[in-house]
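Student: Please take a close look at one loop, and then follow the chain outward to the strands around it. Where does the backbone do something unusual, and how are the surrounding strands joined?

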Amino acid sequence: MPLRLFLTSGDLMADRRFEFARDLQLKGDLPAAADLLEQTIELAPNFTSAWFTLGEIRAQLGERDKAIAAFRKSRESDASDRHGAHLHLIRLGAAQLSEMPKAYVQALFDQYAPRFEHVLINDLDYRAPSLIFKAVVAARVAAKKPALFKRAIDLGCGTGLAAAAFAKQVDQFIGIDLSPGMVKEARATALYAELEVADMIEGLRARSDASANLVVAADAFVYLPDLGPVLSEARRVLAPDGVLAFTLETHDGSGIVLGEGLRYAHSAEHVRDAMAKAGLQLLTLESASPRIENNEPVRGVVVVAEKT
Ligand SMILES: C[S@@+](CC[C@H](N)C(=O)[O-])C[C@H]1O[C@@H](n2cnc3c(N)ncnc32)[C@H](O)[C@@H]1O
């Protein structure tokens with residue numbers, strides 16, 4: 001799991017109390033931890049990490065209204081919402097399903113970056129890049145077309161695992177990722193001709209029409225709610241015959257849900273609709289788990305589409 005974000009209150013005494021409260025939380029004494037956090041917040045009323053932790057504890061105690069109030073305070077005290085309190089408000093039914101706070105995604109992956117590959121590959125049996133690779137090759141073989149691509153864009157490229165999987169298939173890779181920490185790791189691989197720290201939709205918008213032959217997103221669209229905007233930008237950027245391939249987490253219902261792991265899960269129906277609206281031809285939509293979580297395979301799909 002990623003390290004836990006801590007934003008100092010600027011008051012040494014309040015920071016110390018917060019640490020004691022965290023110890024109590026970790027030992028399972030949630031009511032005592034909540035009491036201590038309430039006292040801490042009296043000392044430092046804009047202490048974002050304390051509000052956020054109080055929200056988590058209130059939610060764990062089943063105190064929904066108090067949890068909502070604390071998460072709202074966390075969001076108010078840090079408008080960029082680096083803790084992602086908004087996502088907890090969505091989970092509690094107190095906010096509409098909407099975009100992830102960008103500062104939350106950045107903070108999460110900047111912290112995670114130096115040990116991302118170790119944790120994902122060794123502990124979480126991470127397979128999204130190889131699932132995409134195999135699905136793309138299979139789709140191209142079935143269509144009797146070569147699985148070789150001149151120019152590829154890796155959306156949410158992270159440390160570069162998708163570029164490594166496709167290294168022999170692609171002449172030139174461009175990576176786009178929100179997290180400077182992840183991009184720094186990707187740069188060290190020397191697998192990318194170009195790397196950009198940007199939101200993936202903004203990054204795509206800056207690219208010319210028909211300028212890529214392959215667009216991939218390994219375990220990255222799970223941070224987007226509606227897939228419509230990214231699919232239509234990908235279609236515009238792809239050359240005719242170009243391929244878009246990605247993994248998602250999924251669920252049995254309809255539409256999009258925010259899962260317990262704070263990643264979006266998209267229904268197969270949402271994927272089909274979004275593909276049709278974007279004018280992409282769906283070639284593959286297969287069940288495939290990208291990783292394990294809590295010792296269970298995460299339910300996922302691998303998707304391949306083509307610009308006809
Ligand atoms: C689970 S990691 C996967 C990284 C890489 N694709 C891989 O397979 O190892 C998800 C990545 O998506 C990036 N990300 C999430 N939302 C993003 C967005 N809106 N725009 C650009 N990158 C984003 C994160 O910063 C993170 O590096």
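**A loop and the strands around it**

Tutor: Asn294 lies in the loop between strand 9 (292-293) and strand 10 (296-297); strands here are DSSP runs of E with at least two residues, helices are runs of H or I with at least four, and both are numbered from the N terminus. The model is predicted, so local features need pLDDT of at least 70 and side-chain atom pairs count only at pLDDT 80 or more, while totals for chains, interfaces and linings use all residues. Residue numbers start from 1 along each chain as its sequence is written.

The backbone of Asn294 has a positive phi of about 50 degrees, although Asn294 is not a glycine. Asn294 counts as exposed, because its C-beta has 7 C-beta neighbours inside 10 Å (12 or fewer within 10 Å is exposed, 20 or more is buried and anything in between is partly exposed, with C-beta atoms placed from the backbone).

On the other side of strand 9, the loop that comes from strand 8 (281-287) holds Arg291. Arg291 is partly exposed, since 18 other C-beta atoms lie within 10 Å. Arg291 also marks a long-range contact: Arg127 is 164 residues away in sequence, yet the C-alpha atoms of Arg291 and Arg127 are 6.1 Å apart in space.

Another non-glycine residue with a positive phi is Leu262, at about 60 degrees. Its place is the loop between strand 6 (256-258) and strand 7 (264-266). Leu262 is partly exposed, because 16 other C-beta atoms fall within 10 Å of it.

From the loops, turn to the strands. Strand 11 (residues 300-306) is joined to strand 5 by 7 bridges, and the two run antiparallel; strands pair if DSSP finds at least two bridges between them. One position in this pairing is Thr247, whose bridge partner in strand 11 is Val302.

Strand 5 (residues 238-249) is mostly covered, with 9 of its 12 residues buried. It is also joined to strand 4 (residues 212-217), by 5 bridges and in the parallel sense. In that pairing, Ala212 stands opposite Leu238 of strand 5. Between strand 4 and strand 5 the chain passes through helix 12 (residues 228-237), in a right-handed β-α-β crossover (with the strands pointing away from the viewer, the path from the first strand over the helix to the second runs clockwise).

Earlier in the chain, strand 2 (residues 170-177) is likewise mostly covered, as 6 of its 8 residues are buried. Strand 2 pairs with strand 1 (residues 149-155) over 6 parallel bridges, and Ile153 stands opposite Ile174 of strand 2. It also pairs with strand 3 (residues 194-197), over 4 bridges and again in the parallel sense. There, Ile176 faces Glu196 of strand 3. Helix 10 (residues 180-189) completes a right-handed β-α-β unit together with strand 2 and strand 3.

For the overall layout, the chain is divided into domain 1 (12-96) and domain 2 (114-306), with bounds from an automatic or database domain assignment. The centres of domain 1 and domain 2, taken over C-alpha atoms, are separated by 34 Å.

To return to the request: the positive phi values discussed are those of Asn294 and Leu262. As for the joins, strand 5 has a parallel partner in strand 4 and an antiparallel partner in strand 11, whereas strand 2 runs parallel to strand 1 and to strand 3.
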